[in-house]
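The following exercises concern a protein with a bound ligand. Each task is followed by a solution in steps.

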Amino acid sequence: MKRPYVILNAAMTLDGKISSLAGDSRISCKKDLDRTHKLRAEVDGVMVGIGTILADDPSLTVRRVSGKNPVRIIVDSRGRTPPEARVLEDTAPTIVAVSNKAGKRDIEGLRSLGARVIVTGKEDKVDLNSLLKEILDQEMEKILLEGGSTLNWGMLNQGLVDEVRIAVRPCIIGGENAKTLVGGRGFDKIEEGVELELKNTERVGSNLLLIYNVKGASSCSKK
Ligand SMILES: NC(=O)c1ccc[n+]([C@@H]2O[C@H](COP(=O)([O-])OP(=O)(O)OC[C@H]3O[C@@H](n4cnc5c(N)ncnc54)[C@H](OP(=O)(O)O)[C@@H]3O)[C@@H](O)[C@H]2O)c1
């Protein structure tokens, strides 16, 4: 299937957490935030799950460097994105991808706030394959996946990620229920896991940036 090139980008602690149990996700140092904003300016769209919208209320815009804001893509089966969410401010275009679980009123409410609503598939969850196809049809060829844990699993499990960029903060926070880089059900066997190939490493401020290609990734779009 033709789909956009997808880069998963995240900041995590050395023990693999992307937020604390209490919900603190401010893991990136200033230089890493600059890097993330630069990356946003280089892609056509930035995608997050509704869990991240509800937990962090991010803007997902380019503010720390000069550059164009990407289209914000929210994966939100039931159309729960709150009307006051920053992603619905008119600083950049926003797509909310819902499933048939979303009510008409919620869809109309999101549209009235300026969001483009895409209804995907017949399942409870957003059909990520058809969403990516529709995104490519709109000439968005490069997408940044900014989590969280559950959406990262959904995308990786379906083979929809081409590249992984992780900024590792030299810090350990523990917490068995704190969100990790990838949640979901997980694979039973190590050999079933998503195999990566190290492409580059770099010191970014106090963090270590690890850049991997996903082995066998099948995006047809240009990088
Ligand atoms: N450090 C970092 O770089 C970073 C970055 C981003 C987020 N975070 C942290 O991650 C946490 C949020 O992660 P999360 O796992 O709770 O939420 P999430 O991954 O942001 O969103 C998951 C939700 O997306 C919806 N969804 C719809 N279709 C889906 C599909 N096909 N596959 C997967 N998800 C689908 C589901 O909710 P519905 O069923 O309601 O649609 C699902 O529960 C927050 O604590 C945030 O701070 C950290």
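**Exercise 1.** Determine how the residues of the shell around the ligand divide into nonpolar, polar and charged.

*Solution.* The shell holds 10 nonpolar, 10 polar and 7 charged residues. In this division Ala, Val, Leu, Ile, Met, Phe, Trp, Tyr, Cys and Pro count as nonpolar, Asp, Glu, Lys and Arg as charged, and the others, Gly among them, as polar. The model is predicted: local features need pLDDT of at least 70 and side-chain atom pairs pLDDT 80 or more, while totals for chains, interfaces and linings use all residues. Residues are numbered from 1 along each chain as its sequence is written, and side-chain values use heavy atoms, without hydrogens and water.

**Exercise 2.** Identify the residues closest to the ligand and the elements that contribute to its shell.

*Solution.* Step one: 27 residues surround the ligand (a heavy atom within 4 Å of it), and Thr52, Asp56, Ser77, Lys125 and Thr150 are the closest. Step two: the space taken by the ligand is the largest pocket. Step three: two or more residues come from each of β1 (5-13), α2 (50-56) and α5 (149-157). Helices (H or I, at least four residues) and strands (E, at least two) are DSSP runs, numbered from the N terminus. With 5 residues, α2 gives the most.

**Exercise 3.** Describe the polar contacts of the ligand (pairs of N or O atoms within 3.5 Å) and its coverage by the protein.

*Solution.* A polar side-chain atom of Asp56 lies 2.7 Å from a ligand oxygen atom. For Lys179, an N or O atom of the side chain is 3.2 Å from an oxygen atom of the ligand. At Ser149 a polar backbone atom is 3.4 Å from a ligand oxygen. The protein covers 88% of the 930 Å² of accessible area that the ligand has on its own (Shrake-Rupley method, 1.4 Å probe).

**Exercise 4.** Locate the cis peptide bond and the positive phi in a residue other than glycine.

*Solution.* Most residues other than glycine have a negative phi, and most peptide bonds are trans. A cis bond, with omega about 0°, joins Gly147 and Gly148; Gly148 is in the loop between β6 (142-145) and α5. Asp57 has a positive phi, near 45°, and is placed in the loop between α2 and β3 (71-75).

**Exercise 5.** State the secondary structure content of the protein.

*Solution.* The protein has 5 helices and 9 strands, in the order β-α-β-α-β-β-α-β-α-β-α-β-β-β along the sequence.

Methods:
A polar contact is a pair of N or O atoms within 3.5 Å; within protein, one must be able to donate a hydrogen and the other to accept it, and residues adjacent in sequence count only if both atoms are side-chain atoms. On a 1 Å grid over the protein atoms alone, a cavity is a set of points where a 1.4 Å probe fits but cannot get out, and a pocket is an open set with protein on both sides within 12 Å along at least five of seven lines; lining residues have an atom within 4 Å of a point. A molecule sits in a cavity or pocket if more than half of its atoms lie within 2 Å of its grid points.
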